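Here is a short tour of one protein model, written for someone who likes to keep the structure open while reading. We will look at a pocket, some charged pairs and a patch on the surface.

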Amino acid sequence: MIRVIDPFAQAHPTWLGLDDAGHRRKVFKVVDQHLNDSEFLVGGLTIFEPGEASSLHDHPDSEEINFIVRGSGEVVSEDGHRTPFEPHTFMFIPKGVKHQHVNTGREPLWLVFIYGPHGELPTT
């Protein structure tokens, strides 16, 4: 069955990384094995306010694709290399590669994430 999902009404919202280092973002997970019975994928929308960031994390067994809906920022690799991104760009992150998303802009950053196979969201 095809489903149209409103991330603000039908998702499982979660605050991740409520800490003093700024590792904080609102995650609206819309697809996984429990939400909409996905066999292979996890997906949703993450919103970072200006200055907010994820922790440096990885998905050990999952490849990830990100699409930037609005806002801008940088993706930081484990060695500290920073790559800027703008709206309407994609990122591909191979499985097990540590990465961090940082909102360096002046407006909220909306990042769509899809990864598979199933894996847990990072806790920070």
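By class, the lining of the largest pocket counts eight nonpolar residues, two polar ones and no charged ones. The residues themselves are Ile5, Pro7, Phe28, Val30, Val31, Gly43, Gly44, Leu45, Val112 and Ile114. Two or more of these lining residues come from each of strand E2 (25–31), strand E3 (42–48) and strand E9 (109–116). The two polar residues are glycines, because Gly is counted with the polar class. The space inside this pocket comes to about 170 Å³. Please keep in mind that this is a predicted model.

Now for the charges. How many salt bridges does a search of the whole structure find? There are three, and the table sets them side by side.

| Acidic residue | Basic residue | N to O distance |
|---|---|---|
| Asp32 | Lys29 | 3.0 Å |
| Glu107 | Arg70 | 3.2 Å |
| Glu74 | Arg82 | 2.5 Å |

In general, side chains of opposite charge can pair when their charged atoms come close.

Take the salt bridge between Asp32 and Lys29. Are its partners buried or exposed? Asp32 counts as buried because its relative accessibility is 5%, and the cut-off for buried is under 20%. Lys29 falls under that cut-off as well, with 14% relative accessibility, so Lys29 is also buried.

Next comes the salt bridge that joins the side chains of Glu107 and Arg70. This pair links distant parts of the chain, with the two positions 37 residues apart in numbering: Glu107 sits in the loop between strand E8 (99–103) and E9, while Arg70 belongs to strand E4 (residues 63–70). Glu107 has a relative accessibility of 36%, so it counts as partly exposed. Arg70 is partly exposed too, because its relative accessible area is 31%.

In the remaining row of the table, the side chain of Glu74 meets that of Arg82. Arg82 has a relative accessibility of 43% and therefore counts as partly exposed.

Finally, have a look at the surface. Which residues make the nonpolar surface patch of about 630 Å²? They are Phe40, Leu41, Ile65, Phe90, Phe92 and Ile114. One of them, Phe92, lies in strand E7 (residues 90–93). Another patch member, Ile114, is also among the residues that line the largest pocket. If you are exploring the model on screen, Ile114 takes you from the pocket lining to the nonpolar patch.

Key. Residues numbered from 1 in each chain as written. Predicted model: local features only at pLDDT ≥ 70, side-chain atom pairs only at ≥ 80, totals over all residues. Heavy atoms only, no water. 1 Å grid on protein atoms, 1.4 Å probe; cavity = no way out; pocket = protein on both sides within 12 Å on 5 of 7 lines; lining within 4 Å. Points joined across faces, edges and corners; volume = space filled by probe spheres on them. Helix = DSSP H or I, 4+ residues; strand = E, 2+ residues; numbered from the N terminus. Salt bridge = Lys/Arg side-chain N within 4 Å of Asp/Glu carboxyl O. Buried < 20%, exposed > 50% of the residue type's maximum accessible area, 1.4 Å probe, protein only. Patch = residues over 30% accessible without salt bridge, like charges linked within 9 Å, V, L, I, M, F, W, Y side chains within 5 Å. Areas by Shrake-Rupley, 256 points an atom, 1.4 Å probe, with all protein chains shown as cover.
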